[in-house]
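User: Please take a close look at a single helix of this protein and its surroundings. I would like one connected account.

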Amino acid sequence: MKPHLVVSQRPLDAQIARDSGLGFTAIPAAPLSVRPKAGLKFLSAYRKGKSATLKLIEETDAQAMIATGGFVSGPAVAAARKAGTPVSLVSLDAVPGRANRFTAKKASDVFSAFPTHAEAKPLPDAEVIGFPLRRAAVAPESAKPQAAREYFGLEPGRKTLLIFAGSQGARTINQAIARLYERGVLGDWQVLHVTGPSAEGLGPEGIPQGAGVALPFCDRMDLAWRAADTALTRAGAGTVGEAWANAVPSVMLPYPFHNDEHQKHNAAPLVDLGGAVVVKDLIDPAENAQQLAQVFASILGDDAKRQQMAQAMRDHRPPDGAQRLADWVTAQVGA
Ligand SMILES: CC(=O)N[C@H]1[C@@H](OP(=O)(O)OP(=O)(O)OC[C@H]2O[C@@H](n3ccc(=O)[nH]c3=O)[C@H](O)[C@@H]2O)O[C@H](CO)[C@@H](O)[C@@H]1O
């Protein structure tokens with residue numbers, strides 16, 4: 001069985017799909033909107049996207065579809081339903097967005113990567129399956145931290161803080177951490193700092209000499225997680241799933257500009273079990289640096305505490321969402 005991706009027409013989607021080496025089709029799709037002009041654009045794109053997906057289902061004789069939410073899922077799921085193709089929706093965040101609530105009504109099965117936050121509108125009958133991680137983001141138990149650090153040009157025996165903020169980087173995290181470098185807060189720790197494509201928020205010099213290694217994007221997240229003794233991250237669904245599966249004690253600054261604060265709620269299960277600490281992104285670099293200095297003082301200097309955090313994550317492994325989805329597909333195809 002061969003997977004085929006359905007993506008939006010944004011150039012970034014095409015680039016990611018191409019890099020994956022899988023077949024893909026870009027369909028028209030636009031965000032749902034109640035404003036007249038954007039609403040018309042949504043309707044027109046929805047119709048076109050649905051018929052493009054119907055054609056694709058016919059051509060490829062697709063036997064099942066997995067939708068991961070967002071505005072592309074709407075027309076694609078509607079097409080699968082019309083064609084009689086079994087379709088599951090996986091809602092990735094702890095607060096399901098409007099597009100996912102709309103799409104869930106048309107899906108034959110609904111899954112959620114995280115438990116839905118108590119005050120959010122739940123998706124009816126959603127089964128919590130864990131975040132479906134890609135294999136390349138989880139280091140095998142046998143991978144050695146020293147070898148992973150050498151891969152990035154880090155000192156193999158030095159404690160390592162992994163800093164990264166999702167696929168686009170984060171200005172406020174870079175700004176805060178730049179101040180911590182200046183103040184020497186990280187002590188003898190080195191960093192693996194994934195700065196994002198423009199390294200926004202760091203000065204033109206980047207990170208100080210001897211602080212560690214900075215790179216704009218990391219294409220070996222499995223090794224990055226294995227190299228790390230602690231991580232400083234946002235709390236996107238993928239990041240939380242990966243920190244947990246790799247059992248890396250984490251300090252998380254949820255993205256502060258989402259109305260539904262889904263990143264904060266994504267991190268909640270990890271915070272509850274003692275594997276992560278959430279710090280509110282106050283946007284102001286000095287205030288963020290101050291908060292982080294305090295949190296790091298209690299985590300970086302305390303080996304026993306970090307070991308406890310990692311052990312808590314190992315003791316409560318997240319469910320294997322990818323395996324659960326593979327089982328779902330097998331059940332549809334075998335049926
Ligand atoms: C700003 C924003 O709206 N972000 C949303 C976006 O997160 P976004 O997709 O940016 O971030 P996630 O944390 O979900 O995943 C990041 C992924 O990028 C990978 N990675 C990152 C950096 C790097 O250098 N190399 C690399 O491979 C990570 O391994 C991970 O697999 O979708 C998520 C799922 O709906 C939401 O929870 C987030 O709130």
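Analyst: Just after α9, Gly274 adopts a positive phi of about 95°. Helix α9 spans residues 262-273, where helices (H or I, at least four residues) and strands (E, at least two) are DSSP runs, numbered from the N terminus. Residues are numbered from 1 along each chain as its sequence is written. The model is predicted: local features need pLDDT of at least 70, side-chain atom pairs count only at pLDDT 80 or more, and totals for chains, interfaces and linings use all residues.

The buried residues of α9 are His262, Gln263, Lys264, His265, Asn266, Ala267 and Leu270. A residue is buried if 20 or more other C-beta atoms lie within 10 Å of its own, exposed if 12 or fewer, and partly exposed in between, with C-beta atoms placed from the backbone. The cover over these buried residues includes α8, β11 (250-252) and β12 (276-278).

Two of these covering strands, β11 and β12, belong to an open sheet of 6 strands in the order β9-β8-β7-β10-β11-β12, with parallel pairing. Strands β9 (212-215) and β12 are the edge strands, each pairing on one side only; two strands pair if DSSP finds at least two bridges between them. The twist averages 15° from one strand to the next. Within the sheet, β7 (residues 160-164) and β10 (residues 230-233) run parallel and are joined by 4 bridges. Leu162 has Ala231 of β10 as its bridge partner.

Helix α9 also takes part in the surroundings of the ligand. The shell there comprises 19 residues, and the closest are Gly166, Cys218, Gly236, Gly238 and Thr239. The elements that contribute two or more residues to this shell are α8 (237-245) and α9. Helix α8, which also helps to cover the buried residues of α9, gives the most, with 4 residues. By class, the shell holds 9 nonpolar, 8 polar and 2 charged residues; Ala, Val, Leu, Ile, Met, Phe, Trp, Tyr, Cys and Pro count as nonpolar, Asp, Glu, Lys and Arg as charged, and the others, Gly among them, as polar.

On the scale of the whole chain, there are two parts to consider: domain 1 (4-130 + 319-334) and domain 2 (136-315), with bounds from an automatic or database domain assignment. Their centres, taken over C-alpha atoms, are separated by 30 Å. The contact takes 8 residues from domain 1 and 8 residues from domain 2, two residues being in contact if their C-beta atoms, placed from the backbone, lie within 7 Å.

Notes:
Near = placed C-beta within 6 Å. Axes fitted to C-alpha atoms, helices over the stretch in contact; angles between N-to-C directions.
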